[in-house]
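This report introduces a protein chain to a reader who has not met it before. Please consult the sequence and the model shown here while reading.

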Amino acid sequence: MVQLVSAVGGGKLSRELDLEELARDLNVAELQHEPSKYHGIIARFSESGPAVLIYRSGSFSISGAESLEELSENFDRFESEMEALLGEIEYETGFEIRNLVHRTTIPVEETGGSLNLNALAIGLEVENVEYEPEQFPGLMYRPPDLPGLYLIFASGALVSTGHADPDIALDGIEEVSNRVLELLQIA
């Protein structure tokens, strides 16, 4: 089963923002604004919810949503809060999904409980793979015919990132999973 684990979206207002004033007036559960440490505002509408990053340029990003609904709800709250403080707002670039992270598990029971990442690195063609187990425990796969990055772990965990379209992300993770199974001849 494929699960969406993180969604990021954002956009840009068509005006600059006074971050000091905004930090003072925003009605949020949590707010961090320390200009000496970070050049933007980090706000959360709920304590464990997604982070809303707001910059002087008018750019904003919402990260850490666990569903597209949660991402959309946080954008609606951001937009409502900004309108309450600034009046009618206009966008230079409207809100868009920027990155989706999905996770699934490749069945590894037939391989003795783990995937041979060295063999996969060769089978998936070395020029499309980055695998340095001393640096990172997973194999990074960038298929030339699919968008995104796929992280494959010996445990069978498969993570996809770098997609803005949920359908493309799901198709990609299914295709990569099938390639791995085919290479390991356990499909």
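In which sense do strand β1 and strand β5 pair, and over how many bridges? The model in which this is examined is a predicted one. Strand β1, covering residues 3-13, runs antiparallel to strand β5, covering residues 59-65, and five bridges join the two. Within this pairing, Ala 7 has Ala 65 of β5 as its bridge partner.

Strand β5 also pairs with strand β4, which covers residues 51-55. This pairing is antiparallel as well, with four bridges. Here Val 52 has Ile 62 of β5 as its bridge partner. Three residues lie between β4 and β5, and the two strands form a hairpin. In the turn, Gly 58 has a positive phi of about 100°.

The two pairings of β5 are set out below.

| Strand paired with β5 | Sense | Bridges |
|---|---|---|
| β1 (residues 3-13) | antiparallel | five |
| β4 (residues 51-55) | antiparallel | four |

**The chain as a whole**

The chain contains four helices and 10 strands. Their order along the sequence is β-α-β-β-β-β-α-β-α-β-β-β-β-α. The radius of gyration is 20 Å, whereas the globule rule gives 16 Å for 187 residues; the first value is well over the second, so the chain is more spread out than a compact globule. Along its principal axes, the C-alpha trace spans about 60 × 35 × 30 Å.

Of the 187 residues, 42% count as buried. Among the contacts in the chain with a separation of 6 or more, 57% are between residues 24 or more positions apart.

**Surface and charge**

The area exposed by the chain is about 10,300 Å², and carbon and sulfur atoms supply 45% of this area. The side chains include 11 positive and 34 negative ones. The centres of these two sets lie 9 Å apart.

**One residue in a helix**

Arg 77 belongs to helix α2, which covers residues 68-86. Is Arg 77 buried, exposed or partly exposed? Its relative accessible area is 44%, and a value between 20% and 50% counts as partly exposed, so Arg 77 is placed in that class. Ser 114 is 37 residues from Arg 77 along the chain, and the C-alpha atoms of the two residues are separated by 44 Å.

Note on methods
Residues are numbered from 1 along each chain as its sequence is written. This is a predicted model: local features need pLDDT of at least 70, side-chain atom pairs count only at pLDDT 80 or more; totals for chains, interfaces and linings use all residues. Side-chain values use heavy atoms; hydrogens and water are left out. Buried means under 20% relative accessible area, exposed over 50%, partly exposed in between (1.4 Å probe, protein chains only). The radius of gyration is taken over C-alpha atoms; the globule rule is 2.2 Å times the number of residues to the power 0.38. Contact means heavy atoms within 4.5 Å. Accessible areas come from the Shrake-Rupley method with a 1.4 Å probe; for residues, only the protein chains shown count as cover. Lys and Arg count as positive and Asp and Glu as negative; His and the chain ends are not counted. The place of a charge is taken as NZ of Lys, CZ of Arg, CG of Asp or CD of Glu. Two strands pair if DSSP finds at least two bridges between them.
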